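Trainee: I have a new model open on my screen, and I would like to learn how to read it. Could you take me through it one feature at a time?

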Amino acid sequence: MDLEQKAIERIRTASEMSLHHYGKPLVCTYSGGKDSDVMLELFKRSGIPFEVHNSHTTADAPQTVYHIRDTFYKLELQGIKCTIDYHIQPDGSRITMWNLIPRKLMPPTRLVRYCCSELKETGCHNRMIATGIRWDESTKRKSRDSFEVIGKTKKKGIRISDEKMLLTDNNDTRKLFEQCQLKAKTVVNPVIDWKNSDIWEYIESERICTNCLYKMGYDRVGCIGCPVASKARWKEFADFPKYKQMYIHAFDRMIEVRKARGKETTWKNGEEVFFYWMEDENIPGQMTLEDFL
Ligand code: SF4
């Protein structure tokens with residue numbers, strides 16, 4: 001069976017599980033990246049009933065936001081239900097990357113990606129969802145069992161990694177089907193075994209419209225300044241300088257809140273935090289990750 005048919009069969013199996021266990025259609029999560037666009041095409045070809053969901057991170061590039069809006073507009077014309085979670089709280093306020101940083105008292109880091117759990121993995125509680133997670137994003141050995149439980153720590157005896165795994169992690173331990181106990185979701189990853197080249201070949205052969213950021217030299221589309229992107233962030237901030245300013249302002253407010261709460265703070269201003277954060281290493285005399293906690 002070819003890759004496309006295998007992925008479609010997985011989607012159909014997941015759809016049956018979703019309708020049987022949750023009584024609701026499978027949800028295709030959509031980030032505006034190439035994997036999401038491929039997954040969406042596979043969903044359409046599978047013939048199953050489905051919904052599409054996006055979590056607005058507030059740190060996505062404008063091109064990504066426009067691509068999502070455009071895609072959802074076309075899907076809605078076809079009668080497919082699309083939702084965007086803007087993280088509106090009961091008091092009417094919204095969670096954004098910019099108010100989350102002062103609230104968490106530290107910048108998001110590769111190890112502490114609080115923003116993913118609050119901005120990217122929200123919604124779809126008690127639903128079965130599909131993500132575009134792929135093993136090829138990981139360089140480590142792949143584990144090919146079919147099920148995994150996510151959201152627990154090794155200390156509690158269930159997890160397989162020392163850090164908490166997020167639904168959006170492209171970890172080599174990801175499985176075709178997973179259960180997120182924290183958020184009461186079941187997750188299917190239909191393109192988990194697709195390589196980067198498979199994704200691009202499918203996009204080319206099926207003429208799938210993708211985010212224009214790929215034509216601007218990006219091979220990854222996500223939040224501007226995502227700590228997982230490491231050194232690639234320098235290009236992001238060169239292309240999107242407003243986002244750099246927004247991070248610096250958020251770090252300024254973070255320092256104020258830390259001082260107000262009597263927390264240790266060696267940073268003089270948000271700009272200092274920004275350059276520390278970008279280098280992603282500890283310069284002697286500066287604060288370490290543990291100091292933030
Ligand atoms: S993709 Fe990166 S920056 Fe965006 S929410 Fe997740 S960890 Fe944070």
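Trainee: Let me start with a single pair in the sheet. Which residue in β7 stands opposite isoleucine 129?

Mentor: Valine 187 is the residue in β7 that stands opposite isoleucine 129. Please keep in mind that this is a predicted model. To read a sheet, go from one such pair to the strands that hold it. Here, β4 (residues 128-130) and β7 (residues 185-188) are paired in the parallel sense, with 3 bridges.

Trainee: What is the sense of the pairing between β6 and β7, parallel or antiparallel?

Mentor: Strand β6 (residues 177-180) and β7 run antiparallel, joined by 4 bridges. One pair to look for is phenylalanine 177 with its bridge partner in β7, valine 188.

Trainee: Now to β1. Which strands does β1 pair with in the parallel sense?

Mentor: β1 pairs in the parallel sense with β2 over 4 bridges, and with β4 over 2 bridges. Cysteine 28 is a handy marker for both: valine 52 stands opposite cysteine 28 in β2, and alanine 130 is the bridge partner of cysteine 28 in β4.

Trainee: How do I read the connection from β1 to β2, as right-handed or left-handed?

Mentor: Follow the chain from the one strand through the helix to the other. Here the path leaves β1, passes through α2 and arrives at β2, a β-α-β crossover that is right-handed.

Trainee: And the side chains of β1, which of them point the same way?

Mentor: Leu26 and Cys28 point one way from β1, while Val27 and Thr29 point the other way. Residues on both sides are buried, as all four count as such.

Trainee: What should I expect of buried nonpolar residues in general?

Mentor: In soluble globular proteins, nonpolar side chains tend to be buried together. In this chain of 293 residues, 33% count as buried. The largest nonpolar core has 30 residues, and Val27, Cys28, Met39, Phe43 and Ala130 have the most contacts inside it. Among the elements that each supply at least two residues of this core are α1 (3-21), β2 (50-55), α3 (62-77) and α6 (196-205). The largest share, 5 residues, comes from α2.

Trainee: What does alanine 130 touch, apart from its neighbours within four places in sequence?

Mentor: Its contacts include Ile11, Ala14, Val27, Cys28, Met39, Val188 and Pro190. A second, separate core has 21 residues, with Leu119 and Cys223 among them.

Trainee: Serine 46 is in helix α2. Why does serine 46 count as buried?

Mentor: Serine 46 counts as buried because 20 C-beta neighbours lie inside 10 Å. Leaving out residues up to four places away in sequence, serine 46 touches Ile8, Ile11 and Arg12. Take isoleucine 11: it is 35 residues from serine 46 in sequence, yet their C-alpha atoms are 7.1 Å apart in space.

Trainee: Finally, which residues are around the ligand?

Mentor: Start with the list and then sort it by class. Thr57, Ala59, Arg113, Cys115, Cys116, Leu119, Lys120, Cys223 and Cys226 are among the residues around the ligand. The shell is made up of 8 nonpolar, 2 polar and 2 charged residues. Two of these names have come up before, as Leu119 and Cys223 also belong to the second core.

Methods
Residues are numbered from 1 along each chain as its sequence is written. This is a predicted model: local features need pLDDT of at least 70, side-chain atom pairs count only at pLDDT 80 or more; totals for chains, interfaces and linings use all residues. Two strands pair if DSSP finds at least two bridges between them. A residue is near a molecule or strand if its C-beta atom, placed from the backbone, lies within 6 Å of it. Ala, Val, Leu, Ile, Met, Phe, Trp, Tyr, Cys and Pro count as nonpolar, Asp, Glu, Lys and Arg as charged, and the others, Gly among them, as polar. A nonpolar core is a set of buried Ala, Val, Leu, Ile, Met, Phe, Trp, Tyr and Cys residues joined through C-beta atoms within 7 Å. A residue is buried if 20 or more other C-beta atoms lie within 10 Å of its own, exposed if 12 or fewer, and partly exposed in between; C-beta atoms are placed from the backbone. Two residues are in contact if their C-beta atoms, placed from the backbone, lie within 7 Å. A crossover is right-handed if, with the strands pointing away from the viewer, the path from the first strand over the helix to the second runs clockwise.
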